[in-house]
Amino acid sequence: MFMRWNKISRYTLLSGIIISFGLFYKSKNFNLLRTLIRKLSSLFPVFIKNNFLNNEIKNSVKIYFGSQSGTAEEFAKELKANLNDLFHIQANIIDLEYFNKEEIKSFGIRIFIVATYGDGEPTDNAVEFFKWLKSLNNDNDYFRNTKYSIMGLGSKQYKHFNKIAKKLDTFLLNFKAHRISETIYGDDDDNIYHDFEVWKNKFFLQLPKLLNMKNIPVYVPKEDIIELISWTDMSEIKLDIQYCDHIIEEDNNKKEKNIIVTENIINENFTINQQLLNNEQNKLSINNNSKHISTDIIGKFYFNHLTGKVISNKNLLKNVDLSNNGDKVNHINISIEENIIYKAADNLSILTKNTNEVMNWWLKRLNIDDKEKTKKFIFINRNKLRDNSSVMNDQKDEVKNKTYNNNVNKGNNKKNNDDNSDNNINSNNNYNDNDDDIYVPFPTPCSVEDALSYYCDLTTIPRLNILKKFKCFIKDIEELKMFNFILSNNQRNTFFNICKECDMTFIEFVDMFMQSAVFELSPFLQLIPRNTPKSYTISSSPKESKDILSLTVKKKQYCIHSLRRALKNFKKNDMFPKLSEQKLRDLCSRRWFKGSSSYYLTEELNVNDIVKFNIKSSKFVLPENIQSSHIIMIATGTGIAPFKAFLSEFIYYDQQIVKNNFVRKGKRILFYGCRKREIDFLYEMEIMDALEKKHIDETYFAFSRDQESKIYVQDLIIQNKELVWNLLQKGAYIYVCGNSNMSKDVNKTINSLPQHFKQNDKKFTKKLKKSGRYIHEMW
């Protein structure tokens, strides 16, 4: 490593100090020397740390993330904060969607936090990056100067556990990059947060060696300091909210005028500042350096989505309890614009709202009444607004005698709206702080109710680094002591394990450990984790109707244990909070687990409601030559959804075949399983009608609970192995859709077929997948 001039100057300064010490020792001014040493001793550790840092590496640390739901991104943000606390390293976070080939080629540390999505595939934002890696030869020079570490995110429920992280590790090693620390493969089915801590510890042990640090820094959090804090003193809270008393909107073809009368949340006593605040907001928008942008993965959806209107929402189950506690599988029809393009069995990512029960609890906890929840607001830069308070005071006498002039802001409001429309859809990959940029978490103007229901995850206990920040709402010192204790280094793993075992919700956590908390809306909206869109398979085809798409959604709800066991474990570990007898009784009562998305879609989504969604391509694509292709469909439960869409495709193509005087040669077989024919045989009428009209040639049904001995779809495959084997020998395509256990069993059954016909092919399904003839989706 070349020695830079700044290093030479540092060594010169150090030498000078040492020589000065020698001279002082020879002098009679020993007391002066002792004072000097005492003053320098507080600065010396920092000096030594910086002195032995390899600055060229230190100043080139990049954290890349590949994320589908936002977990990898949150890990990246936490790692960035840890690097700053421990090493004073200002790392850059980069969304893999915006990777730069030339930047990667430069010397430095490259940290990759990547998730595996679907059937061993990269996340949407990492697809192009992995295509580029695959196109490179092993002798390329892009990664020769790279020191790297990888944290993988996956789930052992899926066959290709952490496949993307493993592929990335192989790529980088082949490209002659240098691995800093062991690659850790996080398991979301167990405790991925613990896996992340393990990876960080291994990485932090190796990093000082790479940075040529003489002493490994030890970061000891000040857990013994119990001090009530205010959110106004937190650097993370960069925004405030500004209520819109009224917004006037004219025709889109005319000049758009928005007259926003604002309320200063920081100081509500300023009733004369409306014009100044309005001008300030206009200035922020007009300035080219001022942007209303969102940088996170989920924010991309918030600012760029489609909308549709619900036209029907019906339960498909028969002979069941119709109350909210009963089982439900709903068929939902959504009206969309004709210019929205989708294919049969595509995936629909839909942003669902928090349930009414959850919303009512939080509105009460936030002290928001029915009138206040309908108020609309926008985000503003809190620091700039606070800085302007002195200006407002100076101009108070000038402003109070002036009337609000609409004409003054006509042009500015037009500019403001035009700029916002452009900036709102901008997703920026730059995570460096800029005082002129306003990084908003979701689109505004927005009502308080919509902000909480659409954009906030109000049910999941936040991750440790986020949860710690919620102590700014606690007002009781004893409660703060317990809060700090349960989240301390020695206790937090035990605490979170107890929470996970009992499926504790954030509401239950607040009820126990944050009883004194006074939540304020502005910081709450910035600290609370974001609500993530959920994906469902579209169960309709545009061949049936271009402006309607359908979903098949099963309500996820079941009874779970009370918190009695959790409370005992808390008491055993000295974590038991102060609770009233009534609160204890409430916590020990019967509980229901309710899937937030599925419950809302099946119980609370009404006709004429607007839904926010995006469409993603699916692997479930019918062969191009559908006339002569053999198709085997295997499904259980709501896994029938893509095949319901296929039925419409079959009907359309069969009509075209007849119209053109062709004969269909391909055979279509359906294996379908559910519990009871008289209860959850989904789309029975449509399937039997298709069978009668020869759009499907054969069907085999497994009703597992209709007889004494259970039977499953894999049993039916073995019973009809000659049919399945013969079709596969003729080039048939297999489509499998269902839960992960069913998918594994079917995969194992299909893979065993060669043995029944005296062939030793242990990689039968692997070959089918490689040739594109075995397509499966599971959950």
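Two strands are taken as paired if DSSP finds at least two bridges between them. In this predicted model, strand 21 and strand 22 (residues 668–674) satisfy that rule comfortably to the eye of any reader, being joined by six bridges and running parallel. Ile632 of strand 21 has Ile669 as its bridge partner in strand 22. Strand 21 (residues 631–636) also pairs with strand 24 (residues 733–738), again in the parallel sense, over five bridges. Here Ile634 stands opposite Val736 of strand 24.

These pairings belong to an open sheet of five strands, with parallel pairing and the order 23-22-21-24-25. Strand 23 (698–703) and strand 25 (774–778) each have a single partner strand, so one side of each is left without a neighbour in the sheet. On average, neighbouring strands are turned by 10° against each other, direction ignored. Strand 21 is mostly covered, with six of its six residues buried. Ile631, Met633 and Ala635 point one way from the strand, while Ile632, Ile634 and Thr636 point the other way. Helix 30 (residues 740–756) lies across strand 21, strand 24 and strand 25, and runs at about 160° to strand 25. In helix 29 (residues 721–729), the buried residues include Leu723, Val724, Trp725, Leu727 and Leu728. Just after this helix, Gly731 takes a positive phi of about 90°.

Stepping back to the whole chain, the protein has 31 helices and 25 strands. Of its 779 residues, 50% are buried. Among contacts with a separation of 6 or more, 81% involve residues 24 or more positions apart.

In soluble globular proteins, nonpolar side chains tend to be buried together. The largest nonpolar core in this model has 69 residues, and those with the most contacts inside it are Leu452, Phe470, Phe509, Met514, Phe519, Phe524 and Phe570. Helix 20 (residues 506–513) supplies the largest share of this core, six residues. At least three residues come from each of domain 2 (298–350 + 533–556 + 595–618) and domain 3 (356–369 + 440–527). Beyond its neighbours within four places in sequence, Phe470 is in contact with Pro462, Phe483, Phe506, Met514, Phe519, Phe524, Leu527 and Ile528. A second, separate core of 32 residues includes Ala72, Leu79, Leu86 and Ala115.

Phe570 also takes part in a helix pair. The axes of helix 19 (residues 492–501) and helix 22 (residues 564–572) come within 9 Å and cross at roughly 170°. Angles over 145 degrees count as roughly antiparallel, so helix 19 is roughly antiparallel to helix 22. Helix 19 makes the contact through Phe495, Ile498, Cys499 and Glu501, and helix 22 through Ala566, Asn569 and Phe570.

A few backbone details are also worth a look. Most residues other than glycine have a negative phi, and most peptide bonds are trans. A cis peptide bond nevertheless joins Thr444 and Pro445, with omega of about 5°. Pro445 lies in the loop between strand 14 (438–439) and strand 15 (446–447). Asn319, which is not a glycine, has a positive phi near 55°. This residue lies in the loop between strand 10 (306–315) and strand 11 (329–335), and Asn319 counts as exposed at 64% relative accessibility. Asn608 likewise has a positive phi, of about 80°, although it is not a glycine. Asn608 is found in the loop between helix 24 (596–604) and strand 20 (610–616), and at 51% relative accessibility Asn608 counts as exposed.

Methods. Residues numbered from 1 in each chain as written. Predicted model: local features only at pLDDT ≥ 70, side-chain atom pairs only at ≥ 80, totals over all residues. Heavy atoms only, no water. Core = buried A, V, L, I, M, F, W, Y, C linked by side-chain atoms within 4.5 Å. Buried < 20%, exposed > 50% of the residue type's maximum accessible area, 1.4 Å probe, protein only. Helix = DSSP H or I, 4+ residues; strand = E, 2+ residues; numbered from the N terminus. Domains from an automatic or database assignment. Contact = heavy atoms within 4.5 Å. Axes fitted to C-alpha atoms, helices over the stretch in contact; angles between N-to-C directions. Parallel < 35°, antiparallel > 145°, perpendicular 65-115°, else oblique.
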